[in-house]
Structures are given as structure tokens and as C-alpha cells.
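Open the model in your viewer and keep the sequence panel beside it. The stops below say what to select and what is there.

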Amino acid sequence: MSETPMLFMLITYVVLAIFFIVDLFVIGRRPHVPSTRECVQHIVFFVAMALIFAGLMWWVAGSQPSIEFLSGWLTEYSLSIDNLFVFVIIMANFSVPKELQKYVLSIGITIALVLRGVFILIGAAIVERFTWVFFLFGAFLLYTAVKVARGEDDEEEFHENILIRTLRKVTHVTNDYEGRHLRVKKNGMKFWTPMLIVFITIGTTDLMFAFDSIPAIFGLTKDPFIVFTANVFALLGLQQLYFLLGSLLDKLVYLPLGLSVVLGFIGVKLIMEALHGNTLPFINDGHHITWVPEIPTWLSLVVIVVCIGGAALASVLRMHADKRNGKGNGPKIDTKNVEVAEAKEQ
């Protein structure tokens with residue numbers, strides 16, 4: 001049960017809805033490539049809003065929910081940065097014009113947010129009724145941590161999912177973009193533009209990322225309100241981060257290692273919580289294992305900050321060292337696809 005007052009929650013939902021509406025229909029109504037200054041301003045604004053929100057949470061609900069939000073937000077934001085690699089590949093694969101990419105990200109991320117909201121509600125209901133699910137969440141996060149540490153989670157090529165392939169078979173889709181239009185009429189027939197495919201691809205792909213991030217944040221808090229707001233604040237700054245980082249994404253060489261440690265830590269924390277509240281009859285005869293220690297929320301926050309901050313700092317130092325030595329880190333994205341996309345734009 002949430003410790004946050006209902007009025008504060010309702011005001012938060014209204015404010016976050018306004019953020020999205022302004023971003024989509026005011027800032028995003030003119031197709032353009034955001035400048036570095038515009039991206040920095042937006043990112044600073046959303047980060048400041050997240051920190052202010054954490055402060056307000058401390059004031060109205062106490063220190064525990066506030067620290068849980070900060071831990072969850074930092075984890076979701078860090079995972080989102082790593083997932084931008086795939087967004088770069090999707091944009092190149094579908095040859096999305098640069099001036100339309102911000103709009104595409106806005107709509108795609110909105111779709112993802114709605115799908116994540118449903119996923120969070122389902123996850124919260126499961127966690128509330130079946131505490132043993134933490135064993136599954138913890139094991140999955142440990143497995144994911146190992147994959148990320150080994151570099152097996154990196155995607156150098158985007159593959160369309162079954163939903164997109166089915167949509168192509170049952171509908172008529174044009175080869176060319178018509179601005180922001182989803183539907184056009186040619187020779188008396190109505191066609192969908194590739195914009196529809198890209199929207200669905202971004203939204204569903206981000207939902208697939210949620211299978212990593214949602215269990216991770218449930219390891220930090222069981223409050224659905226905190227889980228949802230942490231996801232919203234992480235997604236709000238994602239499109240500006242996409243344009244600001246751009247080609248620098250492949251320079252964050254130690255970010256996967258930092259994320260791996262965080263995911264592994266949360267996985268262990270989840271399993272310890274499951275043992276502490278155990279009800280499974282084949283483990284300790286269904287009794288709680290009280291000697292298992294509980295990891296405090298403040299320690300989770302410290303681990304996340306140290307791991308992610310350390311990985312980012314180490315990546316920057318490595319980037320400067322390579323620059324001095326005249327070395328590069330080799331792009332992780334499919335540059336051939338990017339070149340084809342740019343050629344089509346011209």
C-alpha cells in the first residue's frame with residue numbers, strides 16, 4: 001500500500017500528463033532536429049523536476065519513499081541510456097528522416113508508457129499476492145546481469161518482431177514518409193505510411209526492455225506509484241538524451257558493466273527478501289528465514305550511484321585517454337544501415 005497521500009498522487013499524475021502533452025503537441029509539433037542547447041535544457045529541466053519530486057516525496061510521505069524513488073529513477077534512467085543503442089538502429093533501419101525522429105520518439109515513448117503502466121499494474125498485483133515471485137525476478141535479474149557483463153545483451157542488428165511482420169502482411173504500407181501522416185491516399189487507395197510501423201516498433205521494443213527494468217525496480221520498491229513515476233521521469237528525458245549523446249553512445253564502454261553490477265545486486269536483494277518472507281513449503285518447511293538480513297533502501301541507492309557514476313566516469317576517462325592516444329572505440333551500431341538511411345534522406 002502506498003504511503004503517499006492520494007491528493008499528492010493525483011496532482012502528480014496531472015502534472016506528468018501536462019509534461020507529455022506539452023512535449024508532444026507544443027514542443028514536438030514542428031518537425032526539427034533539436035540543437036545541443038535545446039537538448040541540454042530539456043534534460044536539465046526533467047532531471048531537476050525528478051529531484052524536486054523526490055524532495056516533495058520526502059516532505060509529504062517521508063524519507064523512505066523518497067529514497068526508493070531516487071533509487072528506482074536512477075536505475076530506470078541508466079537502463080534507458082543503454083537501450084538508446086537499439087533506438088539508433090531502429091531509426092536507421094526504417095530510414096526515418098532526422099527532422100521526424102523527435103516526433104517518432106515522442107509518440108513511441110508515449111505508447112511504451114501506456115504499455116508499461118499496464119505491466120506495472122499486473123506486476124504489482126502479482127507481487128502483492130505471491131511473494132515467491134521474487135525468487136523468479138531475482139533469478140532473472142542475475143541471469144540478465146551475467147548476459148550484460150558478457151556483452152551478450154548488445155544488439156548490432158534490429159530484427160522486426162512478429163507484430164510488425166504480421167502488420168506488413170495484412171495492410172498496405174508505402175515506402176515513403178509523408179511528413180507526420182500515418183495514412184495517405186494514392187490512386188484511390190488508402191495506405192499506411194512507415195510512420196505507423198516505426199511507432200509500434202519503438203513502443204513494443206521499449207516494452208521488451210521493461211522485462212528487465214520493471215523487475216529491477218520492484219526489487220527497490222513495492223509501491224506501484226513510485227514504480228510508475230520513476231518510469232515516467234526516466235522516459236521523459238529519453239528523446240533529448242538520444243539526440244544529445246548520438247554517436248557518443250558507443251563511447252560509454254563501461255556502462256554495461258555498471259548496469260550488470262546494479263542488476264546483480266538487485267537480483268540478490270530480491271532473493272534475500274523472498275527468503276525472509278518465504279512461504280514455499282519446500283524451503284524451510286514454508287517458514288520465514290528470519291536470519292537473512294534485509295538490505296536497507298539507502299544502501300541500494302549508494303550502490304546504484306557508485307556503480308553507475310563510476311561506470312560513467314571511467315568511460316569518460318577512457319574516452320579522453322583514447323583520444324590522446326589517437327584510438328577509437330569502434331561503433332557498436334550498424335554503420336552500414338546508418339549510411340543507407342542518410343543516403344535515402346538525401
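For sorting the residues around a cavity, Ala, Val, Leu, Ile, Met, Phe, Trp, Tyr, Cys and Pro count as nonpolar, Asp, Glu, Lys and Arg as charged, and the others, Gly among them, as polar. Keep in mind throughout that this is a predicted model.

**Whole chain**

Start with a cartoon view of the full protein. Twelve helices and two strands are present. Following the chain from the N terminus, the order is α-α-α-α-α-α-β-β-α-α-α-α-α-α. Of the 346 residues in the protein, 48% are buried. Taking contacts between residues at least 6 apart in sequence, 78% join residues at least 24 apart.

**The largest cavity**

How many cavities of 30 Å³ or more does a search of the whole structure find? The search finds two. The largest cavity holds about 40 Å³ of space. To see its lining, select Phe 20, Asp 23, Ser 106, Ile 109, Thr 110, Leu 235, Leu 236 and Gln 239. Helix 1 (6–27), helix 4 (101–129) and helix 8 (224–236) are the elements that each give two or more residues to this lining. Helix 4 contributes the most, with three residues. Colour the selection by residue class: four of the lining residues are nonpolar, three are polar and one is charged.

Now pick out Ser 106, one of the lining residues. Ser 106 belongs to helix 4. Is Ser 106 buried or exposed? Its relative accessibility is 3%, so Ser 106 counts as buried. Draw a distance from its C-alpha to that of Gln 240: the two residues are 134 apart in sequence, and the C-alpha atoms are 9.9 Å apart in space.

**The loop before helix 4**

Step back along the chain to Ser 95, which sits in the loop between helix 3 (63–93) and helix 4. Check its backbone angles. Ser 95 is not a glycine, yet its phi is positive, near 50 degrees. Most residues other than glycine have a negative phi. Ser 95 has 12% relative accessibility and therefore counts as buried.

**The hairpin**

Select residues 183–186 and 189–192 next, which are strand 1 and strand 2. The strands pair in the antiparallel sense, over four bridges. Which residue of strand 2 is the bridge partner of Lys 186? Met 189 is that partner. Elsewhere in the pairing, Val 184 stands opposite Phe 191 of strand 2. When you show the side chains, recall that in a regular strand they alternate between the two faces of the sheet. The hairpin has two residues between its strands, and Asn 187 takes a positive phi near 55 degrees there.

**Gly 267 in helix 10**

Move on to Gly 267, in helix 10 (residues 255–276). Gly 267 counts as buried because its relative accessibility is 0%, and the limit for buried is under 20%. Show what surrounds Gly 267: leaving aside neighbours within four places in sequence, the contacts are Gly 138, Leu 141 and Leu 142. Then add Tyr 143 to the view. Gly 267 and Tyr 143 are 124 residues apart along the chain, and 8.9 Å separates their C-alpha atoms.

**Ser 300 in helix 11**

Ser 300 lies in helix 11 (residues 297–324). With 1% relative accessibility, Ser 300 also counts as buried. Which residues does Ser 300 touch, not counting those up to four places away in sequence? Display Ser 71, Leu 220, Phe 265, Lys 269 and Ile 295 to see them.

**Cysteines**

For the last stop, select Cys 39 and Cys 307. Cys 39 is buried, with a relative accessible area of 1%. Cys 307 has a relative accessible area of 18%; the cut-off is 20%, so Cys 307 is buried as well. A search for disulfides comes back empty, since the structure holds zero of them.

Methods. Residues numbered from 1 in each chain as written. Predicted model: local features only at pLDDT ≥ 70, side-chain atom pairs only at ≥ 80, totals over all residues. Heavy atoms only, no water. 1 Å grid on protein atoms, 1.4 Å probe; cavity = no way out; pocket = protein on both sides within 12 Å on 5 of 7 lines; lining within 4 Å. Points joined across faces, edges and corners; volume = space filled by probe spheres on them. Buried < 20%, exposed > 50% of the residue type's maximum accessible area, 1.4 Å probe, protein only. Contact = heavy atoms within 4.5 Å. Disulfide = S-S within 2.5 Å. Pairing = 2+ DSSP bridges.
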